[in-house]
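Please open the model in your viewer, set the side chains to sticks, and keep a selection box ready for the stops that follow.

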Amino acid sequence: MQKFTLLILFALLWLPVWAAVGCDLNDPDKDVARLFPGSTGYKTSYRTLSREGGKALLAKVEADLGDKFSGLYETIDIPYTLYTIYKGESKIGYIHGVNQKGRYGGLQIFLSLDNTGRITNMYLQKISSKNAKLFRAEAFTAQFTGLNQKDLATWDVGKGSGKGKTLAIKNPAPGDPDFAAIMRGVKKNLALMRHFAGW
């Protein structure tokens, strides 16, 4: 009985950690310099939907995404790490990452964004896929440069198809479902940033 009680207490102790999985850059100093050439510094803040608007805010983000949040990576209390980027005293943009369920495991999708919300760089920090090299190649990631939340709004998460500028994004590995997962992660990232940056 005592062992059983200890197991329950141990599980409860770890539950909050398990239930909230954020997405941080592995090496922020180097990653920020690489993703934002010319930057001179950054500030890190931690944002959550539960604290900043609760279920009403979650519903707005889900409406922008066109899908419901679900699973370990999308609970309402997930802490999102936002890097605000500076050049001297001037804010020049943001870096923000999300976890996204992929075919063989979690993906970590980071976007660097200018002050107007346009993507300046897309970075797959983590991806478990036989086609990881193709998805990480600049030929693929560069296709997102210049796009914003309104552009990604034309991507239908349910159908896995797009219109407008998203229709022009070429899948480097046709038939690999991780392409749709990446597109959902990018759209989710921008839907969250619409709130975090106030666009």
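Buried, as used on this tour, means a relative accessible area under 20%. The structure on display is a predicted model, and a search of the whole of it finds nine salt bridges.

Begin by selecting Asp 151 and Arg 118, which form a salt bridge whose closest N and O atoms are 4.0 Å apart. Asp 151 lies in helix H7 (residues 149-152), while Arg 118 sits in the loop between strand E4 (106-113) and strand E5 (119-126), so the pair ties together parts that are 33 residues apart in sequence. With a relative accessible area of 13%, Asp 151 is buried, whereas Arg 118, at 34%, is partly exposed.

Next, select Asp 67, Glu 74, Arg 184 and Lys 188 together, since salt bridges that share partners join these residues into one network.

Then move to Lys 68 and Glu 62, whose side chains meet in a salt bridge with an N to O distance of 3.6 Å. Which of the terms buried and exposed applies to Lys 68? At 58% relative accessibility, Lys 68 counts as exposed, and its partner Glu 62, at 11% relative accessibility, counts as buried.

For the last stop, select Glu 52 and Arg 47, where the side chains meet in a salt bridge at 2.7 Å, taken from N to O. Colouring by accessibility is useful here as well, because Glu 52 has a relative accessible area of 26% and is therefore partly exposed.

How values were computed: Residues are numbered from 1 along each chain as its sequence is written. This is a predicted model: local features need pLDDT of at least 70, side-chain atom pairs count only at pLDDT 80 or more; totals for chains, interfaces and linings use all residues. Side-chain values use heavy atoms; hydrogens and water are left out. Buried means under 20% relative accessible area, exposed over 50%, partly exposed in between (1.4 Å probe, protein chains only). Helices (H or I, at least four residues) and strands (E, at least two) are DSSP runs, numbered from the N terminus.
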